[in-house]
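User: Hi! I am new to reading protein structures and would like a close look at one part of this one. Could you walk me through it step by step?

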Amino acid sequence: MTNIDLGRPLQGDVVDLILDDHRRFEALLRDLRDSSQDRDAVRRAFAALHVAHAEAEEKHVYPQLKRKNAVDDDEADHGVEEHAEGNEALLAVLELKGTDTQAFEDAVEELARLVNHHLTEEELTILNPAREEVGPVVRAELGEQFATERNAQIDADCGTLTNVRRIVASARKEGLLDEHDEDEE
Ligand SMILES: [Fe+2]
Ligand SMILES: [Fe+2]
């Protein structure tokens, strides 16, 4: 568990709730780069939020946006692949013993690269259509489902090394981490 505040939204427009988490990711990545921070605590907080957020998107948000024809299968599948890549890079950060090494900084750089890419793409290809093509009532219903799942995941301590290893292993088994062309990103 982490002492760093990850917020605990209970309801709201799903687009706003997702964007709030994206800002939290950006703040945590900044702290991971900052050698004056308790980077071990920060990586554990990042892990919990990344796993919880991605799981809640995949379980509720992507399927509902597909049903409403706001996003297509390819966009949703691509988001799931990027979550898997983010979790794999996160695992590399968690596996390292020390947080004051070059290896740690290299792993943080790769994590930041993948997560920043995903946040940008998700905001452009998934959140914009959600705003434009899904009404406020559905966005609010989805917000509550997203928040409930996200909070339950955090309460279950979803960001532990053991759990992130399990998630990455299962993503690999499903073929979500197969090599693909850079320009497909
Ligand atoms: Fe997201
Ligand atoms: Fe996402």
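What is the site of the iron ion (ligand 2) like, judging by the angles among its four donor atoms?

Analyst: Happy to help! Please keep in mind that this is a predicted model. The site of the iron ion (ligand 2) is irregular, with angles of 83 to 169° among its four donor atoms. To see where the label comes from, recall that four donors count as tetrahedral if all angles lie between 85 and 135 degrees. The range at the iron ion (ligand 2) runs from 83 to 169°, so the tetrahedral label does not fit. As background, the ideal angle for four tetrahedral donors is 109.5 degrees.

Let us meet the donors themselves. The protein gives the iron ion (ligand 2) Glu-57 (OE), His-83 (NE2), His-118 (NE2) and Glu-122 (OE), which lie 2.1 to 2.2 Å from the ion. Along the chain, these donor residues follow the spacing E-x25-H-x34-H-x3-E. Look at the end of that pattern: His-118 and Glu-122 are both in helix H4, four residues apart, which is about one turn of the helix. His-118 counts as buried because its relative accessibility is 8%, under the 20% cut-off for that word. Glu-122 is buried too, at 1% relative accessibility.

Now turn to the neighbouring ion. Glu-57 bridges the iron ion (ligand 2) and the iron ion (ligand 1), and the two ions lie 3.1 Å apart. The protein donors of the iron ion (ligand 1) are His-22 (NE2), His-53 (NE2), Glu-57 (OE) and Glu-122 (OE), at 1.9 to 2.2 Å from the metal. You will find Glu-122 in the donor list of the iron ion (ligand 1) and also in that of the iron ion (ligand 2). The site of the iron ion (ligand 1) is irregular as well, with its four donor atoms making angles of 75 to 167°. In sequence, its donors are spaced H-x30-H-x3-E-x64-E. His-22 sits in helix H1 (residues 14–33) and Glu-122 in helix H4 (residues 102–133), so this pair ties together parts that are 100 residues apart in sequence. Like Glu-122, which has 1% relative accessibility, His-22 is buried, with a value of 1%.

From His-22 we can follow helix H1 to one of its packing partners. H1 packs with H5 at an angle of about 40°, and their axes are 7 Å apart. The two helices are therefore oblique to each other. On the H1 side, the contact is made by Val-14, Val-15, Leu-17, Ile-18, Asp-21 and Arg-24, while H5 brings Arg-139, Leu-142, Gly-143, Phe-146, Ala-147 and Arg-150. Sorted by class, this contact has seven nonpolar, one polar and four charged residues.

Leu-142 of H5 leads us on to helix H2. Gln-64 lies in H2 and touches Val-138 and Leu-142, leaving aside residues up to four places away in sequence. Gln-64 counts as buried because its relative accessibility is 15%. Gln-64 also shows how the chain folds back on itself: Ala-130 is 66 residues away in sequence, and the C-alpha atoms of the two are 9.9 Å apart in space.

A similar story can be told for helix H6, where Ser-170 is found. The C-alpha atoms of Ser-170 and Ala-84 are separated by 9.5 Å, with their positions 86 residues apart along the chain. Ser-170 is partly exposed, at a relative accessible area of 32%.

To finish, here are two loop residues to look up on your screen. Asn-69 has a positive phi of about 60° although it is not a glycine. Asn-69 belongs to the loop between helix H2 (39–67) and helix H3 (73–95). With a relative accessible area of 62%, Asn-69 is exposed. Asp-157, again not a glycine, has a positive phi of about 60°. Its place is in the loop between helix H5 (136–155) and helix H6 (161–173). Asp-157 counts as partly exposed, at 27% relative accessibility.

Methods:
Residues numbered from 1 in each chain as written. Chains lettered and ligands numbered in written order. Predicted model: local features only at pLDDT ≥ 70, side-chain atom pairs only at ≥ 80, totals over all residues. Heavy atoms only, no water. Donors = N, O, S within 2.8 Å, 3.2 Å for Na, K, Ca; no water. Tetrahedral: all angles 85-135°; square planar, octahedral: opposite > 155°, others 65-115°. Buried < 20%, exposed > 50% of the residue type's maximum accessible area, 1.4 Å probe, protein only. Axes fitted to C-alpha atoms, helices over the stretch in contact; angles between N-to-C directions. Parallel < 35°, antiparallel > 145°, perpendicular 65-115°, else oblique. Contact = heavy atoms within 4.5 Å. Nonpolar A, V, L, I, M, F, W, Y, C, P; charged D, E, K, R; others polar.
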